[in-house]
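Here is a short set of exercises to work through with the model open beside you. Try each task on your own, then follow the solution one step at a time.

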Amino acid sequence: MDIQSIAHLPPTIRLYNQTPYAQETTATVLYVEENIAIFDRTIFYAESGGQVSDRGWIGDNVVIDVQKKLGEFHSVKNKNIPVPTVKINTRIIHTFAEPVSFHIGDVVDMKINWERRYNIMKHHTLSHFLFHAIDNFFKENNFDMFLKGCAIDEEKATFSLNNAISEEQFEQIKAAVEHAFNHDITIHMYPEETTDEIFYWTANDMVIPCGGTHIASTREIDAPFYIGKKSGGKNKTKLYIKLHR
């Protein structure tokens, strides 16, 4: 795909932030090229912020990947919370397992793989409890945290650190997560005033800027979770949280 061939298209309207529990909708086809397509709007989450993209179906066509393209960088100045720079006004590219059966101008039915998405939402919510504990641990001990990245899918949420974490330190982080978490916390998502592509995930006294999809209450965590640690090499650690099934 020639990226300039889609530059004239309007930014894709993202329905998944406003209605993360929506499983189906309709949309109009704006662009088609073999096994890729762009629509006027979508409920398919586009990979970003460490969260994998949704999968599902558009008509009889199987969606296997969703990505953001083009757009412009947007910075937010928040005196209370550091907010990462994000790309806004993007075009969302849907990739299919095979060449698609629809054409420009068609109105199509979208349906996400809800079971997979719902598990991703649970793990993304759990990831914030783990991140909050990690961040507080480094701040309280006056250590510099070097966060290499995160990965959130239907199986677990993982943070990769360029820091060595001892077993004692790991136990402190685990204890902080278990102290902060209970099954009666309501999750609120407040939009940033300057863009609807950044939200503030809020649970009790925790506030984390995020554009991902989350559950509305910790009551929806319907299985015990496990927090683990893996060494990624010298001065490298991976901390993860996952639901037991």
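**Exercise 1. Find the element that holds Asn-119, and decide whether this residue is buried or exposed in the predicted model.**

Solution.
- Step 1: Look along the chain for the residue; Asn-119 sits in helix 2.
- Step 2: Check the relative accessibility, which is 15% for Asn-119. Buried means under 20%, so Asn-119 counts as buried.
- Step 3: Now look across space. Asn-119 and His-214 are 95 residues apart along the chain, yet their C-alpha atoms are separated by 9.5 Å.

**Exercise 2. Say which residues Ser-127 and His-128 are in contact with, leaving aside neighbours within four places in sequence.**

Solution.
- Step 1: Place both residues. Ser-127 belongs to helix 2, and so does His-128.
- Step 2: Test for burial. Ser-127 is buried, with 1% relative accessibility; His-128, at 6%, is buried too.
- Step 3: List the partners of Ser-127, which are Ile-152, Ala-157, Phe-159 and Ile-241.
- Step 4: Do the same for His-128, whose partners are Trp-201, Ile-208, Cys-210 and His-214.

**Exercise 3. Describe the largest pocket: its volume, the residues closest to its centre and the make-up of its lining.**

Solution.
- Step 1: Start with the idea behind the search. Rolling a probe the size of a water molecule over the atoms shows where empty space is left.
- Step 2: Read off the volume; the largest pocket holds about 1,000 Å³ of space.
- Step 3: Go to the middle of this pocket. It is lined by 38 residues, and Pro-84, Ile-208, Pro-209, Cys-210 and Gly-211 are the closest to its centre.
- Step 4: Ask which elements take part. Those giving at least two lining residues each include helix 1 (15-18), strand 8 (86-88) and strand 15 (206-210). Helix 2 gives the largest share, eight residues.
- Step 5: Sort the lining by class: 18 nonpolar, 13 polar and seven charged residues.

**Exercise 4. Do the same for the second largest pocket.**

Solution.
- Step 1: The volume of the second largest pocket is about 210 Å³.
- Step 2: Its lining has 15 residues, and those nearest the centre are His-132, Asn-136, Ala-176, His-179 and Ala-180.
- Step 3: Helix 2 and helix 3 (167-180) each contribute at least two lining residues.
- Step 4: By class, eight are nonpolar, five polar and two charged.

**Exercise 5. Work out why the buried residues of helix 3 line one face of the helix.**

Solution.
- Step 1: Name them: Gln-169, Phe-170, Ile-173, Lys-174 and Val-177 are buried.
- Step 2: Look down the axis of helix 3; these buried residues fall within an arc of 140 degrees, so they line one face.
- Step 3: Recall the general rule. An α-helix has 3.6 residues a turn, so residues three or four places apart point the same way.
- Step 4: See what this face packs against: helix 2, strand 16 (225-233) and strand 17 (236-243).
- Step 5: Turn to the other side of helix 3, where Glu-168 and His-179 are exposed.

**Exercise 6. Find where Leu-70 and Asn-89 lie, and give the phi of each.**

Solution.
- Step 1: Keep the background in mind: most residues other than glycine have a negative phi.
- Step 2: Leu-70 lies in the loop between strand 6 (61-69) and strand 7 (72-74), and its phi is positive, about 60 degrees.
- Step 3: Asn-89 is in the loop between strand 8 and strand 9 (91-96), with a positive phi near 55 degrees.
- Step 4: Finish with accessibility: Leu-70 is partly exposed at 23%, and Asn-89 is partly exposed at 30%.

Notes: Residues are numbered from 1 along each chain as its sequence is written. This is a predicted model: local features need pLDDT of at least 70, side-chain atom pairs count only at pLDDT 80 or more; totals for chains, interfaces and linings use all residues. Side-chain values use heavy atoms; hydrogens and water are left out. On a 1 Å grid over the protein atoms alone, a cavity is a set of points where a 1.4 Å probe fits but cannot get out, and a pocket is an open set with protein on both sides within 12 Å along at least five of seven lines; lining residues have an atom within 4 Å of a point. Grid points are joined across faces, edges and corners, and a volume is the space filled by probe spheres set on the points. Helices (H or I, at least four residues) and strands (E, at least two) are DSSP runs, numbered from the N terminus. Ala, Val, Leu, Ile, Met, Phe, Trp, Tyr, Cys and Pro count as nonpolar, Asp, Glu, Lys and Arg as charged, and the others, Gly among them, as polar. Buried means under 20% relative accessible area, exposed over 50%, partly exposed in between (1.4 Å probe, protein chains only). The arc is that of the directions from the helix axis to the C-beta atoms. Contact means heavy atoms within 4.5 Å.
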